[in-house]
Amino acid sequence: MQIRHLSRLLEARPTPSPPAPDADAEPAARARRIRSTVERLARVERVPVRTVTTGVDVRDGLHREQWILDSPLRGEFRATLLSPASARGPGILVLGGKNARREQLTGEVVPDHPDRNMAEHLARAGFTTLTFEYALTGGFDPQRLTGRDEGALLAHAFALTGRSLLGALVGDALGVLDVLRAHERVDAGRVGLFGHSLGAAVALHTALLTEDEPPLCAAGHLGSYASLYARHLTGFEGAVLPGILEYTDLPALYGALAPTPLQLQFGTSDPYLDTDDARAAGRVVGAAYSAAHAPPPEVLELPMGHGTHVDHAVAFFTRAFAQRPSTPVAVAAQRIRFDVVERRAVTDRVDAALESGVLTQGPLVARFEELTREWTGRPGAAVASGSAALEIALRVIGVQGRTVLVPANTFFATAAAAVRAGASRVDFVDLELDGLGMDPEALSAALDRHPDTAAVVPVHIGGIVAPALDHILDQCRERGIPVLEDAAHAFGSTLGDRPAGALGRFGAFSFFPTKVATSAEGGLLSCADTGDLDHIRRWRDHGKSAAGSTLHDRPGSNWRMSELHAAVGTVDLERFARTVGARRDLAAHYDDLLAGVPRVRAHPVPGSVRSNYYKYLVYLDESADRSLLKKRLRERHGIHLAGEVYDNLLCDHPFFADRTESQDHPRARWFARHHIALPLYPSLTHAEQVRVVSALRGELS
Ligand SMILES: *Cc1c(COP(=O)(O)O)cnc(C)c1O
């Protein structure tokens with residue numbers, strides 16, 4: 001390709017293509033992917049912005065506040081708030097074009113166009129508006145500018161650092177939006193965005209990165225990127241995300257906002273826009289809204305230049321805020337989240353692995369194993385899954401033809417691993433209700449029943465390492481039976497100063513996505529004895545008789561962890577101290593909120609235990625109907641509870657029902673029937689917790 005053939009460049013798509021939002025994906029999934037691409041490319045560094053008010057006055061019926069905002073990234077910048085009355089009402093962040101000055105937008109100086117002072121127009125129409133300066137000019141030595149555009153030079157400087165000017169402006173806008181939401185004159189639930197030209201680009205990307213779907217009116221910014229570029233050639237470098245055309249085009253970005261209320265204005269004599277192209281773009285946006293079953297966006301083709309139709313904008317916001325739905329935003333049962341910086345760290349590590357050609361059992365897996373040690377207190381070998389960890393341990397122990405004892409209440413994988421490892425019988429032990437572990441007396445009875453017991457596998461339900469485990473360990477020691485802890489729930493939990501997984505001969509952990517730490521798929525088997533570690537490594541690698549040997553001395557399998565999984569796992573482990581800290585804070589907040597709610601009580605975590613709060617467990621009293629409660633929380637309040645641990649006993653699963661004699665287990669049955677698990681994950685907010693608990697209170701009183 002010749003470099004000067006720009007149209008070919010702009011149409012080119014790389015091969016193999018990145019995971020572009022494909023045409024057949026479900027609209028919501030496609031929109032989510034577009035939003036996440038924007039988040040990644042924009043590299044927005046979200047920072048809280050501090051505000052200092054430097055002046056307040058009332059002029060021509062408008063309350064005006066002059067602010068100096070301060071962000072740790074950008075330093076100080078100025079903003080103006082205009083408000084019509086003292087009553088609380090909707091707020092609008094007003095983002096002007098590249099050359100719009102704040103004083104003109106707010107009407108403090110006579111505007112050069114009658115529609116330039118949009119912040120004033122919207123304030124006079126009853127909205128509190130906030131306008132901040134971009135500061136795109138004045139940073140360069142005028143002598144050396146030689147007529148060049150400062151915005152373009154700034155965009156170039158950002159590109160040199162791998163960032164984008166648009167991303168920086170969006171970061172400012174997100175910070176300022178938070179300030180607007182928190183203002184005493186603004187109803188936090190009713191905040192919108194207005195943008196013109198460059199401001200429309202900022203507003204669009206800000207809306208894409210905002211979860212509560214603020215109504216957006218965008219003027220003078222509709223078309224496809226190739227056409228916009230062909231039309232005016234320069235001046236817009238700051239209004240695009242570098243690399244976005246690899247994934248999607250401008251109309252699809254607007255389309256991804258569905259069902260956010262949206263008005264798009266374009267003028268038929270706008271020198272920057274091509275009318276046919278803008279029309280076509282409007283149709284693409286409309287189709288995306290329709291595919292998402294959202295009310296159609298307003299696409300207004302107007303007889304004007306590069307401007308804004310004030311009355312249409314005012315009418316749009318009036319309608320949008322009047323119709324703001326009052327249905328609550330859902331509280332998810334689970335959110336697995338990596339922020340942009342963490343996602344970049346994962347992709348950089350994957351990239352390094354691909355570049356080196358070492359795709360499994362390499363330096364990332366070694367680093368993963370090293371990072372786990374801080375939390376398990378012992379060396380361990382990374383494996384393909386938690387189930388693989390359990391099976392390998394049982395194979396090292398050698399359970400073939402003998403009995404393995406597991407709790408009556410656990411995940412299927414605990415017992416299935418014993419079956420696969422060749423145990424002739426798996427039997428179930430009732431639990432004790434203090435630490436939710438195996439009941440020592442029930443275990444003693446089971447051991448008497450099965451003198452051929454080869455291994456005992458306690459499980460740390462919900463992240464609680466039961467204090468009664470010491471009695472289990474004592475009994476097993478006396479009888480010479482090895483203990484394998486299924487610590488799939490308990491990575492990072494402790495009993496006294498002993499980490500979960502470090503009490504028995506083996507500790508098996510899972511790094512499945514729903515667990516407290518994840519490598520997408522993965523597991524870890526830790527052990528007390530370095531001899532065992534050597535065996536584990538051989539089992540996980542096809543039973544080689546020694547590392548690197550081509551001879552095999554046992555029926556091992558492929559239970560290895562890949563470097564790509566370790567890329568995810570290492571990033572998650574590097575943030576794990578924050579993860580577990582956040583989980584514990586949230587649990588303490590639930591403890592406070594739940595005190596005094598009728599007919600429920602939180603499971604009291606024993607004093608010697610520090611749980612990772614894999615689950616926050618709550619008991620319902622006898623009269624409450626769990627499935628009805630869950631349905632009502634979901635349908636009436638948008639609240640999704642986390643899964644129970646567990647609602648069926650293992651002996652009741654079809655696979656085990658015919659294979660076991662013991663199906664009694666009264667305490668395990670009581671627990672299975674009466675507990676629920678509240679949503680708890682690091683990104684859960686205190687406000688969401690308040691909603692969860694008040695919904696519970698509402699349904700139970
Ligand atoms: C998740 C889990 C497992 C299995 O882990 P995988 O990584 O999915 O194989 C085993 N035991 C318990 C108690 C679990 O919760």
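## The ligand and its surroundings

Let's start at the ligand: one of its oxygen atoms sits 2.5 Å from an N or O atom in the side chain of Ser-387. Please keep in mind that this is a predicted model. Next door in the sequence, Gly-386 takes part through its backbone, where a polar atom is 2.8 Å from an oxygen atom of the ligand. Asp-486 uses its side chain instead, placing a polar atom 2.8 Å from a nitrogen atom of the ligand.

These three residues belong to a wider group, since 16 residues surround the ligand. The closest are Gly-386, Ser-387 and Asp-486, together with Ser-510 and Lys-515.

## Helix α15 against helix α19

Helix α15 covers residues 386-397, and helix α19 covers residues 530-540. The two pack at an angle of about 120°, and their axes are 10 Å apart. With that angle, α15 is oblique to α19. Their crossing is right-handed.

Which residues of α15 meet α19? They are Ile-392, Arg-395 and Val-396. Facing them from α19 are Asp-532, His-535, Ile-536, Trp-539 and Arg-540. Sorted by class, this contact of α15 with α19 holds four nonpolar residues, one polar residue and three charged ones.

## Helix α20 and its partner α14

Now for helix α20, residues 563-574, which packs with helix α14, residues 363-376. Here the angle is about 30° and the axes are 8 Å apart. An angle under 35° counts as roughly parallel, and therefore α14 and α20 are roughly parallel to each other. The crossing of this pair is left-handed.

On the α14 side, the contact is made by Pro-363, Leu-364, Val-365, Arg-367, Phe-368, Leu-371 and Thr-372. On the α20 side, Glu-563, Ala-566, Ala-567, Gly-569, Thr-570, Leu-573 and Glu-574 take part. The residues of the contact of α14 with α20 comprise eight nonpolar, three polar and three charged.

## Helix α20 and its partner α13

Helix α13, residues 340-356, also packs with α20. For this pair the angle is about 145° and the axes are 9 Å apart. The crossing of α13 and α20 is right-handed.

From α13, the contact draws on Glu-342, Ala-345, Val-346, Arg-349, Val-350 and Ala-353. From α20 come Glu-563, Leu-564, Ala-567, Val-568, Thr-570, Val-571 and Glu-574. How do the residues of the contact of α13 with α20 divide, and how many are nonpolar, polar or charged? There are eight nonpolar, one polar and four charged.

Some residues of α20 take part in both contacts: Glu-563, Ala-567, Thr-570 and Glu-574 appear with α14 and again with α13.

## Backbone details in the loops

The loop between α13 and α14 is home to Gln-361. This residue has a positive phi of about 55°, although it is not a glycine.

Two cis peptide bonds are also worth a look. One joins Ala-258 and Pro-259, with omega about 5°. Pro-259 is found in the loop between α10 (250-255) and β8 (262-267). Another cis peptide bond joins Val-645 and Tyr-646, again with omega about 5°. Tyr-646 has its place in the loop between α22 (626-637) and α23 (654-657).

How values were computed. Residues are numbered from 1 along each chain as its sequence is written. This is a predicted model: local features need pLDDT of at least 70, side-chain atom pairs count only at pLDDT 80 or more; totals for chains, interfaces and linings use all residues. Side-chain values use heavy atoms; hydrogens and water are left out. Axes are lines fitted to C-alpha atoms, for helices over the stretch in contact, and angles run from 0 to 180 degrees between N-to-C directions. Helices (H or I, at least four residues) and strands (E, at least two) are DSSP runs, numbered from the N terminus. Angles under 35 degrees count as roughly parallel, over 145 as roughly antiparallel, 65 to 115 as roughly perpendicular and the rest as oblique. A crossing is left-handed if the near helix is turned anticlockwise from the far one by less than a right angle, and right-handed if clockwise. Contact means heavy atoms within 4.5 Å. Ala, Val, Leu, Ile, Met, Phe, Trp, Tyr, Cys and Pro count as nonpolar, Asp, Glu, Lys and Arg as charged, and the others, Gly among them, as polar. A residue is near a molecule or strand if one of its heavy atoms lies within 4 Å of it. A polar contact is a pair of N or O atoms within 3.5 Å; within protein, one must be able to donate a hydrogen and the other to accept it, and residues adjacent in sequence count only if both atoms are side-chain atoms.
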